[in-house]
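Student: Pick one part of this model and take a really close look at it for me. Then work outward from there.

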Amino acid sequence: MVAAIQTVQALLDSPSFAILATGVLTGASAALLGTFLVVRGQAMLSDAISHGVVFGVAVTFLLTGNATGPLQLLGAAGAGLLTVALTEWLARSGKVKRDAATGLVFPALFAAGILLLGLFARDAHVDVHTVLLGEIGFVWLDRVQVFGLLVPRSLLVVFVAFVLNALYVALFYKELTAAAFDPVLAELQGLRPRMATGGLLALTSVTAVAALDAVGVVLFVAFAITPAVVGRLASQRLPVMLTVALIVAAAAALLGYPLAVVTDLSIGGCMALLTAAPLLVLMPLTGARRRRA
Amino acid sequence: MAGALVRPTLTTGGNLAAQTVGATVRYGKVSAIEDVSLEVPTGVMGAIVGPNGAGKSTLLKLLLGLQDDYDGHVYLLGEDVAQSRHRVAYVPQRSTVDWDFPADVLDVVLMGLYRGLGPLRRVGRAEKAQARAALEEVGMADFERRQIGQLSGGQQQRVFLARALVQQAELYLLDEPFAGVDAASEVALVRVLQRLNAEGVTVLAVHHDLNTLKKYFDWLALLNVRLVAQGPLASTLTAEALQAAYGGRLPSMAEVPPTEGLPRPSLGADATAGRN
Amino acid sequence: MPRHTAATRFPVRRRAAWLAAVVLAFSLLAAPTAARAATPRVVATVGMIGDVAAELAGECAQVSTLMGPGSDPHLYRASAGDVRLMERADLVLYGGLHLEASLARVLEGFASRTTTVAVSEAAVSPADRIAAGSVYDPHVWMDVSLWRGAAQVIANALIETVTAAGDTAGCAAQVSARYADYSALLADLHAWALEAIASVPSRQRILVTAHDAFAYFGRAYDIEVVGIQGISTETEAAVADIRRVASLMVERGVPALFVESTINPRTVNAVLEAVEQRGGHAAIGNELFADALGTQGEPEGTYVGMILHNVRAITTALGGQLPELPASLAEWQARW
Amino acid sequence: MLELLTDPTVITVSLGALMLGLTSGALGTFAVLRRQSLLGDAMSHAALPGVVIGYLVAGGRSLPFMLLGALTTGLAAALLSVALSRRRGVKSESALGVALGTGFALGVVLLSYVQRQPGAGSAGLEQFLFGQAAATLRSDLITIGVLGAAALLVVALLFRPLKLVIFDPHFARANGYRVQLYEAVSTGLLAIAIVVGLELVGVVLMSALVVAPAAAARQWTGSLTGMVWVAGGIGAGSALLGALLSAAVPGMATGPTVVLVASLVVAVSLLVAPRRGVPVDGA
């Protein structure tokens, strides 16, 4: 038993393990949610949330005078939810299309956040862009004590996020699928598509904030969208799509790190870039709808 | 497909308004239409009929040159589609456009005249008069400033027909013109098409409703991926041919609603459109 | 990816073997941690710290800097090589006071693993810090007298580190000696800078830059400092800021304003244009180094060279007289 | 107030913002109607690698090279998203997301390469994407003016085909219009507007200037011509008002102020404007 704990601790102590595990778990979380976002045609919500959180950072900073900490993460997640809720509300009003609704809400919240800081915290040294810009290369530096183990804080956070997401998708798989495919029918069958969707969007913004804090914005957006699109190109069936997305995200994390080590480039960037690598193969293969002559 | 090497116009002359020779379209591994040799004579009021997924819309798109990947040959009015385009008018399915688009009824009808105007010439009085005349004919004269999003399905279809009318074509190709259309509009649409046909214009429509087939059309192509039968309606619309086209799915004539699916669930319409 | 799916189908015994293999692979990746180098490895976040550390360490430690000359510490992103450096480090020196933005929190956490020293925080007592809102301005190195304190902090940290590594070559003494020399050099530099800036006519003794990185410089050398943007490089200027700075420059007849090496020069150009539109005259002085050192291998690539360069640029552009360099710095004269 | 209006800086910034708002508002109309509202967002993120490549090619911070690079990778991202969305089952938003994520990742990777280089000149490349609207130079006015006017001229010349292609692509193709060509033109024009605006107002705010005026304009008018004019007007008006506000109140950065004004215009339009066309069934 002691030996096992020591082995685990040795693993956790290894920076490479911490980086790879954080990458894989972030990728898996994002790919899980991203698959449903992509199927629903709401992929860009991931980008919208990652910009919208700036508003939450600004507000919590003004209220607490501090830019980092658990309260600030909550504020950011709240702003993420606000982004989602406003976008949904606007899209449902029918006065603008969904894509336009997305494009209207997050810049407004972003701009409001920047202006609040500019007006009321002019001298403050708070970098709205970087407050939530985690660096996956250094996740192993910041550790917390859990059950007698020293665990990298970000790894713990994305692990919890992953468990939440996996549980949610497992429990509400039927509802999520129905809501994505035919919300009216789902409603008629008593599947509560709105609740399933609401949960999906709420989890997306919480996961986004966790991921932004742990690994940075590039990784999250790339992990949320690209693997799911690869899955969609590879298969027309949702379970297969989900599996492919998970594998692509995990593989991109596992291979991105060695690539970054060999080339001495940004780890997060390499992982994110690799999610798109399968497209190089899949796009020519699926190019069915090309112009004749 | 050796026969396809000979340009069929040489043998058939200009008597065919629309023709495909051994046309095949595949989506992935599934054939939408297979080896279809359609021959629509000039001057008919024709219908393309078949069950869901028979490839009716695909065939129409092929005729219009909207299909990128296909095998075989396509001729319209005895020429390549690119050459005969200006002699053909097309009425797409309503579900293929965004009815939220900022345009009024007159705007949409005027779009039919765009191909005649260069980039610099403005839409003038003559064009507007022409568009109004077309609207008059489809019974939409009072709606010319109405936003297209505020029209009913039947009214939208009438506007689409008016847009085709201003093109003064020799061949009219329509994709399910009566789908989701109210009875009054259907009557108005048919009247216009029959007037055109009486003047020698060829009409070819993808049609759904077997009940009205005899009433509206005089020529028929039965399609179920392959071409089952084609020819004058009276001789082509036989129980055997229908059985062959529809197989076990043949709806008994009595069961078919008089006007096919009044407001059809839009999802179904989208799904059909999305296939192409 | 067949290998992953295959792995789940392994029988239990083979699965254990597979796990062992993975652990082994990871520990191999992590192996460099185990094999400590003979000379301690020191990692500094920014060049201002790294250069002083290298200067003091000599052959006694291997000093590397994470953020190169072109990177802005506020916006730094790590490369895989940087992770390697951190992983192997025996001592990590960073500025603190939020200089490294979000990296700072991570560095604090790192303390449990490797010795980390927040140089600016340790060297400058809260009384000597300049407040910026609820936090402190991190650009402490702009005041050479304060940075002498930092050099002392660095020297102490180095001595502890070499001692811990079983100092066989008398490194602790060497570092001490080098620190004494370096400290004297900085004292001379400080005096020279004071004299140089004081030669600028007091009316136009205003230092206009893109962002507020020069507060410590201004306080130490008695020059008014005006930043167009806020203190962080990320805030955006308002039109009002451009106007405020431009009118001030015209009013006081300030002859020059300055671009920093890590800042997009747009705002500075805009102020310059605004000054001209108001009938004033100004020029853009030599590029200043604020958040990072200059290119390595050139004089500005060192801390002393950077200060010399900045002071020269400011003094000459604003119409002051450069005094003779003190004897200890004489060799720098030849390098320009 | 008068002093404010005659101040040369205020005039420069206001003029620049006005022209940018006009151009992006008018061009954004087409993007919004094509349901490509987020194209601006995707392209402006994907401009990052272009900026870095431009820097690497030029060997220094050369603005023309960086702008050209931004334009190139922005367009490449648009192309990637078009190619992807032509695959079955890939929705346009997903395609844009892939282009955005991949483009930005490439940018970050390239940045980490450049930051490792010994020279100090690479600093501030990232800030290129944050924007400094208050720092508009007179030379910028010429760039925006010329490029904006050229883009609007192209729109005027191709107005009818663009309208037809966006409204009813099937009908357009059946009439011999090259749908893809016109879609490419409309994307290309947007890319130019974005690259010009990127340096001025930054990524996020540029994507807002594309969407907000068009979305607001749609509430007020039922014709495409009207929508282009109103969107251009709203874009120009909010930009002008934002610039003036930013000049009057210290601490109000220009870019975000412009976006907030434009967002307010959208909010008011949604609440106040006459309810426009809703499909009425039956009748």
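Tutor: Let's start where chain A meets chain D: the axes of helix α11 (residues 217-234) of chain A and α5(D) come within 8 Å and cross at roughly 135°. (Axes are lines fitted to C-alpha atoms, for helices over the stretch in contact, with angles from 0 to 180 degrees between N-to-C directions; helices are DSSP runs of H or I, at least four residues, and strands of E, at least two, numbered from the N terminus.) This is a predicted model, with local features needing pLDDT of at least 70 and side-chain atom pairs pLDDT 80 or more, while totals for chains, interfaces and linings use all residues. Residues are numbered from 1 along each chain as its sequence is written, with chains lettered from A and ligands numbered from 1 in the order written.

That angle makes α11(A) and α5(D) oblique to each other (under 35 degrees is roughly parallel, over 145 roughly antiparallel, 65 to 115 roughly perpendicular, the rest oblique). The crossing is left-handed, meaning the near helix is turned anticlockwise from the far one by less than a right angle; clockwise is right-handed. From α11(A) come V218(A), V221(A), A222(A), I225(A), T226(A) and V229(A). They meet S94(D), G97(D), V98(D), L100(D), G101(D), T102(D), F104(D), A105(D) and V108(D) of α5(D).

Now zoom out to the whole interface: 47 residues of chain D are in contact with 47 of chain A (contact: C-beta atoms, placed from the backbone, within 7 Å). On the chain D side, α4 (63-85), α5 (92-116), α10 (203-220) and α12 (254-272) each supply at least two residues. The largest share there, 16 residues, belongs to α5(D).

Staying in chain A, look at α2(A) and helix α12 (residues 238-263) of chain A, whose axes come within 8 Å and cross at roughly 150°. That makes this pair roughly antiparallel, and α2(A) passes α12(A) in a right-handed crossing. On the α2(A) side the contact includes G23(A), G27(A), A28(A), A31(A) and G34(A); α12(A) brings, among them, A245(A), A249(A), A252(A), A253(A) and G256(A).

α2(A) also turns up as a neighbour of α7(A), which runs over residues 153-171 and reaches 27 Å from its first C-alpha to its last. In α7(A), S154(A), L155(A), V157(A), V158(A), A161(A), F162(A) and N165(A) are buried (20 or more other C-beta atoms within 10 Å of a residue's own; exposed is 12 or fewer, partly exposed in between). They cover an arc of only 160° around the axis, so they sit on the same side of α7(A); the arc is that of the directions from the axis to the C-beta atoms. Their packing partners are α2 (15-40), β2 (149-152) and α10 (193-215) of chain A. Flip to the other side of α7(A) and V163(A), L167(A), A170(A) and L171(A) are exposed.

For another helix pair, hop to chain C: the axes of α4 (residues 47-57) and α8 (residues 144-164) come within 10 Å and cross at roughly 55°. These two are therefore oblique as well, with α4(C) passing α8(C) in a right-handed crossing. Here I49(C), V52(C), A53(C), L56(C) and A57(C) of α4(C) meet A150(C), A151(C), I154(C), A155(C) and L158(C) of α8(C).

Technical notes. Expected span 1.5 Å × (residues − 1). Contact = placed C-beta atoms within 7 Å.
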